[in-house]
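Hi,

Here is the structure I promised to pass on. Have a look at it first, and then read my notes below.

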Amino acid sequence: MKKVLSFLFAICLMLSISTTAFASETKKSEKVAAQSEAAANYLTEGRASYTVESAVDYLNLTNAGNDMSKFDEGFFNSVKANLDANGGKLIVYGSESITSYAAVIQILYALDMDPENFYGYNLNAAFTAMDPTVSLSNPYYYKVVIPATTLIDNAEDFGKKLCDNFIENYYKMGSGMDYYGFACDNTANFIAAVSSYADDYSDILKDAFTILESYKVDGGYCYNPEYGSEPNCNSTALALMAYSEYVINADDGEKYLEKTHQIYANLCTFENPNKTGVFTYDGEDSALSTSDALWGLNSYFRVALVQDIIDDDSKDDNNNSSESTTSAAATTKPAQSAKTQTTKKTNTSKKSPATGINETGVCVTISLLAAASATALLKKKSK
């Protein structure tokens, strides 16, 4: 993990001094970072703690790159207490929870912690020992469970079995994902999950994207035309998540980079103009819409936007990239954990009254990129 973060810092340092194009994309990165941070603040306002039962929400908030340090101790104590009480298993609502394992594992990796030795417990081993043919009670959580398998050595077969089970029980070719009916949100969540193994399921994902586009309307995406063709924040955000996750995982993912930028522009129209990072449903501030927006922003920020910056610049500087990267890496200190970075940012930086983002500019954006992109780059490691 530290090598991944150090590499990312080296790349970002190189890019930050190389092109005007990077400066433009960095400005967009800062905007997305500000939205993600503000959304996380909005969702945690008045919240005293998080427990293992809310691990999926905590993963979403952690991926935002926000300072969650005030909640970390309580959350990890809850996870440890659950493991202690259940003989090293995560038992949530009466049964061992593959979703909780997956969420906690990704949170630990994002914070540069070791899920193979969490207070002596090997969460990776417990996770991959579960039966991949048992369907989840909430199939939307496959977008959490399947990506976790890409972070663990020798878990590819396990991940594909999860995909196969998901497809068999919930997907219908030509119609999309069936979960109490067909809808944009269903198929978007399906794409985000299965995209972890995009190149192995290219045919079904091609079908899924065709279905997803059938929900495209002026201004974004609608839930289902049967219930009205007005776009909404939730469906638009989840469509952004779907396309962005495909970008990072598929060999041909770059073909959707421009698409992700277009959907992001649509998503921004649902943001409260007076409250950065707060998203609306039917014109009213909505925690649910903001949470879905955060899933979209996280994937866009961690995946498509970062990948766009790195890929485009590396093409322009193909002859010099190796030398520049080596030089930057040699002069860059080892990266801190994501938690340390975000805490330092919160405690020392000033806010710009015009934008609400940190005046440290590119450096802060690089820090957030490192914090929020670690998991995404690990997923890319085999490519």
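Let me start with Asn60, which sits in helix H3 (residues 55-63); helices here are DSSP runs of H or I with at least four residues, strands are runs of E with at least two, and both are numbered from the N terminus. Asn60 is buried, at a relative accessible area of 2%. By buried I mean under 20% relative accessible area, with exposed being over 50% and partly exposed in between (1.4 Å probe, protein chains only). Setting aside neighbours within four places in sequence, Asn60 is in contact with Ser291, Leu294, Trp295 and Asn298, where contact means heavy atoms within 4.5 Å.

Before you go further, some housekeeping: this is a predicted model, in which local features need pLDDT of at least 70 and side-chain atom pairs count only at pLDDT 80 or more, while totals for chains, interfaces and linings use all residues. Residues are numbered from 1 along each chain as its sequence is written, and side-chain values use heavy atoms, with hydrogens and water left out.

The overall picture

The protein chain has 16 helices and 8 strands. Of its 383 residues, 58% are buried. Among contacts in the chain with a separation of 6 or more, 70% are between residues 24 or more positions apart.

One such pairing of distant stretches involves Ser29, in helix H2 (residues 20-44). Its C-alpha atom is 9.6 Å from that of Tyr300, although the two are 271 residues apart along the chain. Ser29 is buried too, with a relative accessible area of 1%.

Helix H7 (residues 142-149) is worth pulling up in your viewer: 8 of its 8 residues are buried, so the rest of the structure largely encloses it. The buried residues of H7 include Lys143 and Thr149, as well as Tyr142, Val144 and Pro147.

The core, and H9 against H10

The largest nonpolar core contains 99 residues, and Phe75, Phe127, Phe166, Phe190 and Leu212 have the most contacts inside it. A core of this kind is a set of buried Ala, Val, Leu, Ile, Met, Phe, Trp, Tyr and Cys residues joined through side-chain atoms within 4.5 Å. H11 supplies the largest share of this core, 11 residues.

What does Phe190 contact beyond its neighbours within four places in sequence? The list is Phe166, Ile167, Tyr171, Met177, Ile204, Leu205 and Ala208.

Phe190 also turns up where H9 meets helix H10 (residues 202-213). The axes of H9 and H10 come within 9 Å and cross at roughly 150 degrees; axes are lines fitted to C-alpha atoms, for helices over the stretch in contact, and angles run from 0 to 180 degrees between N-to-C directions. That makes H9 roughly antiparallel to H10 (over 145 degrees; under 35 is roughly parallel, 65 to 115 roughly perpendicular and the rest oblique). The crossing of H9 and H10 is left-handed, i.e. the near helix is turned anticlockwise from the far one by less than a right angle (clockwise would be right-handed). H9 brings Cys184, Thr187, Ala188, Phe190, Ile191 and Val194 to the contact, and H10 brings Ile204, Leu205, Ala208, Phe209, Ile211 and Leu212. By class, the contact of H9 with H10 has 11 nonpolar residues, 1 polar and no charged ones. For the classes, Ala, Val, Leu, Ile, Met, Phe, Trp, Tyr, Cys and Pro count as nonpolar, Asp, Glu, Lys and Arg as charged, and the others, Gly among them, as polar.

H11 against H12

Helix H11 (residues 233-249) and helix H12 (residues 257-268) have axes that come within 9 Å and cross at roughly 160 degrees. H11 is therefore roughly antiparallel to H12, and it passes H12 in a left-handed crossing. The residues making the contact include Leu240, Tyr243 and Val247 of H11 and Lys259, Ile263 and Leu267 of H12. This contact divides into 10 nonpolar, 4 polar and 1 charged.

Tyr243 of H11 is buried, with a relative accessible area of 2%. Not counting residues up to four places away in sequence, Tyr243 touches Phe209, Leu212, Glu213, Tyr221, Tyr256, Lys259, Thr260 and Ile263.

Two backbone oddities

Most residues other than glycine have a negative phi. Tyr119, in the loop between helix H5 (98-110) and helix H6 (123-128), has a positive phi near 50 degrees. Tyr180 has a positive phi near 55 degrees and is exposed, at a relative accessible area of 79%.

Cheers
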